[in-house]
Amino acid sequence: MNIILIGFMGVGKSEVGRSLAARQGMNFIDADEIIEKTEGRKISEIFEKNGEPYFRDIETEVIKTLEDYDNFVISTGGGIVLREENVKMLKEIGTLVLLTAEPEVVYQRLKETSDRPLLMQGDKMESIKKILDARNPIYEKVADYKIDTSNISPQAAVEEIVKWIKRSK
Ligand code: S3P
C-alpha cells in the first residue's frame, strides 16, 4: 500500500512526503519530478512551450506507471485531482492524504517563486484564491484523510499522518 499526498501548490507535499517516507521506512517519489525527468525539462517550460493540456496528459501517463508501486509515499502535483481517471488510479494503489493551507499561507510560501506556471499571470493572491475555490470541493471529496498545514511544521504534519496510519490499521 502507498500513501499519496494530494493538495494545492505550497501546502508542503514534497517536504512532508520525504520526511514521512524516511520516518516510516518507505520509499519516496514525486510525480512532478518524474514528469521533469521524463521530459528532460522543467514543468514551467512544458507549460510555456506545449500548454497545460499537454502537461495534464503526461501527468496521467505518469500515474499509469505507478500501478505496481508498493510501500511508497507519493507526492503529486496540485492539479492531479482534476481528472477523475487519475483519482481512480491513485485510489487503487493507496490512500489519499490531503494537505491544506489557507490562501494567505500559500501566498506567503509561494510569493517569490516563478516555477508555478498557473500563478504567473495576473495577481498571485487572486489566482490562488480562484483556483483553490474551484478545486477545494474535489480535494475534499476524494481525500481519505486531511491535515491543515497552515500553522504547523512539516514535522508535525508527518506525526499527524503517522498517528492516523496507526489508528487506521
Ligand atoms: C500544478 C501544481 C504543480 C505542478 C504544476 C501544476 C497545479 O505542482 O504540477 O505546476 O495544477 O496545481 P505542486 O503542487 O507540487 O506545486
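How far from an oxygen atom of the ligand does a polar side-chain atom of Asp32 lie? In this predicted model, the distance between that side-chain atom of Asp32 and the ligand oxygen is 2.7 Å. Two further pairs of this kind involve Gly78, through a polar backbone atom, and Arg135, through an N or O atom of its side chain. The table sets the three side by side.

| Residue | Protein atom | Distance to a ligand oxygen atom |
|---|---|---|
| Asp32 | polar side-chain atom | 2.7 Å |
| Gly78 | polar backbone atom | 2.8 Å |
| Arg135 | N or O atom in the side chain | 2.7 Å |

Taken on its own, the ligand has 380 Å² of accessible area, and the protein covers 95% of this.

**Around the ligand**

The ligand is surrounded by 13 residues, of which Lys13, Asp32, Arg56, Arg116 and Arg135 come nearest. Sorted by class, this shell holds five charged residues, five nonpolar ones and three polar ones.

**The pocket**

The ligand takes up the space of the largest pocket, which holds about 800 Å³. There are 35 residues lining this pocket, and those closest to its centre are Lys13, Ser14, Asp30, Asp32 and Arg116. Lys13, Asp32 and Arg116 are thus named among the residues closest to the pocket centre and also among those that come nearest to the ligand. By class, the lining divides into 13 charged, eleven polar and eleven nonpolar residues.

Several helices contribute to this lining, with at least two residues supplied by each of α1 (13–24), α2 (31–39), α3 (43–50), α4 (52–64) and α6 (103–110). Which helix gives the largest share of the lining? That share, which amounts to four residues, comes from α1.

**The two ends of α2**

Helix α2, which spans residues 31–39 and is one of the contributors to the lining, can be followed from one end to the other. At its N-terminal end, Asp30 acts as a cap, with a side-chain oxygen 3.0 Å from the backbone nitrogen of Asp32. Asp32 therefore takes part in two of the contacts described here, through its backbone nitrogen with Asp30 and through a polar side-chain atom with the ligand, as judged by a limit of 3.5 Å between N or O atoms. After α2 comes Gly40, which has a positive phi, near 65°.

How values were computed: Residues numbered from 1 in each chain as written. Predicted model: local features only at pLDDT ≥ 70, side-chain atom pairs only at ≥ 80, totals over all residues. Heavy atoms only, no water. Near = heavy atom within 4 Å. Polar contact = N/O pair within 3.5 Å; in protein donor to acceptor, adjacent residues only side chain to side chain. Areas by Shrake-Rupley, 256 points an atom, 1.4 Å probe, with all protein chains shown as cover. 1 Å grid on protein atoms, 1.4 Å probe; cavity = no way out; pocket = protein on both sides within 12 Å on 5 of 7 lines; lining within 4 Å. Sits in = over half its atoms within 2 Å of the grid points. Nonpolar A, V, L, I, M, F, W, Y, C, P; charged D, E, K, R; others polar. Points joined across faces, edges and corners; volume = space filled by probe spheres on them.
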